[in-house]
Amino acid sequence: MKLSVIVPVYNVEKYLPRCLDSLLRQGMEIGEWEVICVNDGSPDNCAAILSEYEQKYPNIFKVITQENRGLGAARNTGMKVAQGEYIGFVDSDDYVLNGGYAYLCEHFLEGNPDVLTFSCRFVKNCDVHSDEYVAPNAQVTFEGDGAEGYRRLQYRSVWSKFYRRLFLLEYDIWFERILSEDQMFNFHVFRQHPHVVMTNSDVYRYMQDNAGSIQQTKMKEKVRKLMDDQLYGMGVLNDFLPQSEASMAKGIKKSIYGYLGIFYTKSFYARLSWREWKHYMHPIREMNINHILYENEKTTIGKGIAILKCASSQSFLVYLMVGFMHRNVFEKYLLPKL
């Protein structure tokens with residue numbers, strides 16, 4: 001079996017049929033692949049939808065049901081039963097272009113890379129075109145060691161990659177029970193110097209309008225959990241930074257930059273108390289990583305906002321002012337121009 005596609009499912013009944021239908025249009029032969037859907041205790045109608053697809057296409061879909069344990073745990077469940085030479089991940093509110101996976105398997109897995117990357121596009125629900133086929137003219141943009149590959153990564157998500165299953169097993173790489181788990185997963189993959197093939201094949205469609213997404217939520221409890229996990233991720237990466245070669249170090253800094261951007265933005269919407277602010281900002285100062293946020297901004301506006309974000313970790317009063325400006329000025333008028 002060439003490919004196992006793992007689809008974690010939770011509270012996405014609105015999007016799930018579109019996702020599963022897109023997988024049926026991948027052009028893969030029976031026995032060449034499998035789709036493992038992990039129902040992570042979804043409270044809506046997802047269980048009935050999954051049962052319908054499993055009964056109708058038993059040679060393709062395999063459904064596993066478990067109590068709600070989170071996205072990473074659901075992916076781990078799928079990985080434990082996967083039989084394919086390669087593992088791919090699809091979020092259940094996203095979809096894949098017609099024929100995309102067959103095209104990737106046919107053209108880019110010949111040399112048995114440990115990691116294959118491909119491109120995606122971010123779309124709104126109104127932009128969906130279910131009859132869209134993958135363009136058959138993609139090229140390899142990089143092939144080589146994982147350290148350089150990590151520096152070149154455009155997306156640090158897992159849904160934009162295929163992973164050789166035996167490579168993951170050899171290095172015992174699994175998802176941790178944190179939010180934004182993709183970043184940590186890919187860090188542990190690429191630090192093992194996999195053979196990487198990167199392509200510009202535009203295959204995946206990432207939906208931006210799912211209000212239930214942890215990246216979109218503004219609920220304070222979930223925001224605090226996300227910020228705690230961002231701190232954990234930045235700590236792991238920062239500890240590894242001094243011993244990293246140049247290419248890996250640049251990739252790590254890009255990941256920390258991504259973490260910091262989410263961290264500060266979420267902190268402004270959480271409207272932290274002084275004690276909460278002290279709890280979250282003290283580790284940032286201790287790690288001395290604010291400069292990474294500034295250095296990775298490309299525009300004058302972006303650098304200016306980065307300076308204000310960094311200053312908000314030094315003074316609670318500045319945090320309150322910058323948070324007000326971010327909610328009422330930056331997000332509405334400046335960020336769309338970046």
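This note goes through strands, helices, salt bridges, cysteines and empty spaces in a predicted model.

1. Strand β2. This strand covers residues 33–40, and 8 of the 8 residues are buried, so β2 is largely enclosed by the rest of the structure. Both faces are covered: Trp33, Val35, Cys37 and Asn39 point one way, while Glu34, Ile36, Val38 and Asp40 point the other way, and all are buried. Glu34 and Asp40 are thus found among the buried residues, alongside side chains such as Ile36 and Val38.

2. Pairing of β1 with β2. Strand β1 (residues 3–9) runs parallel to β2, and 7 bridges join the two. One residue pair can be used to check the register in the viewer: Pro8 has Val38 of β2 as its bridge partner.

3. Helix α7. Residues 181–190 form this helix, and 9 of its 10 residues are buried, which leaves α7 mostly covered. The buried set consists of Glu181, Asp182, Gln183, Met184, Phe185, Asn186, Phe187, Val189 and Phe190. Phenylalanines are included in that set, at 185, 187 and 190, and so are the acidic residues Glu181 and Asp182, because under 20% relative accessible area is what buried means here.

4. The Asp182–Arg75 salt bridge. What does Asp182 of α7 pair with? Its salt-bridge partner is Arg75, with 2.6 Å between the closest N and O atoms. The contact ties together distant parts of the chain, since Asp182 belongs to helix α7 and Arg75 to helix α3 (residues 71–81), 107 residues apart. Both ends are under cover: Asp182 is buried with a relative accessible area of 11%, and Arg75 is buried with a relative accessible area of 1%.

5. The Arg152–Glu148 salt bridge. The model has 12 salt bridges, and this one sits inside a single helix. Arg152 and Glu148 are both in α5 (residues 146–152), 4 residues apart, or about one turn of the helix. In an α-helix there are 3.6 residues a turn, so residues three or four places apart point the same way. The closest N and O atoms of Arg152 and Glu148 are 2.8 Å apart. Is each partner buried or partly exposed? Arg152 has 39% relative accessibility and counts as partly exposed, whereas Glu148, with a relative accessible area of 17%, is buried.

6. A salt-bridge network. Asp202 and Arg205 meet through their side chains in a salt bridge, at 2.8 Å from N to O. Both of these residues are buried. The pair also belongs to a network of salt bridges that links Arg121, Glu132, Asp202 and Arg205.

7. Cysteines. How many disulfides does the model contain? The count is 0. For Cys19, the nearest cysteine sulfur is that of Cys37, 7.4 Å away, and Cys19 is in no disulfide. The cut-off for a disulfide is a sulfur pair within 2.5 Å. Cys19 has 0% relative accessibility and counts as buried. Cys37 is buried as well and lies in β2. Why is Cys105 unbonded? Its closest cysteine sulfur is in Cys19, and at 17 Å that is too far for a bond. Cys105 also counts as buried, with 11% relative accessibility.

8. The cavity. Rolling a probe the size of a water molecule over the atoms shows where empty space is left. In the whole structure, 1 cavity of 30 Å³ or more is found, and the volume of the largest cavity is about 30 Å³. Its lining is made up of Met79, Ile87, Arg165, Leu168, Leu169, Ile173 and Trp174. Helix α6 (residues 165–170) gives the largest share of that lining, 3 residues. By class there are 6 nonpolar, no polar and 1 charged residues around the largest cavity.

9. The second largest pocket. This pocket holds about 160 Å³ of space. Of its 13 lining residues, Thr117, Phe118, Gln154, Tyr155 and Thr199 lie nearest the centre. Strands β6 (115–123) and β9 (195–207) each contribute at least two residues to the lining. The classes are 4 nonpolar, 7 polar and 2 charged residues.

Notes. Residues are numbered from 1 along each chain as its sequence is written. This is a predicted model: local features need pLDDT of at least 70, side-chain atom pairs count only at pLDDT 80 or more; totals for chains, interfaces and linings use all residues. Side-chain values use heavy atoms; hydrogens and water are left out. Buried means under 20% relative accessible area, exposed over 50%, partly exposed in between (1.4 Å probe, protein chains only). On a 1 Å grid over the protein atoms alone, a cavity is a set of points where a 1.4 Å probe fits but cannot get out, and a pocket is an open set with protein on both sides within 12 Å along at least five of seven lines; lining residues have an atom within 4 Å of a point. Grid points are joined across faces, edges and corners, and a volume is the space filled by probe spheres set on the points. Ala, Val, Leu, Ile, Met, Phe, Trp, Tyr, Cys and Pro count as nonpolar, Asp, Glu, Lys and Arg as charged, and the others, Gly among them, as polar. A salt bridge is a side-chain nitrogen of Lys or Arg within 4 Å of a carboxyl oxygen of Asp or Glu. Two strands pair if DSSP finds at least two bridges between them.
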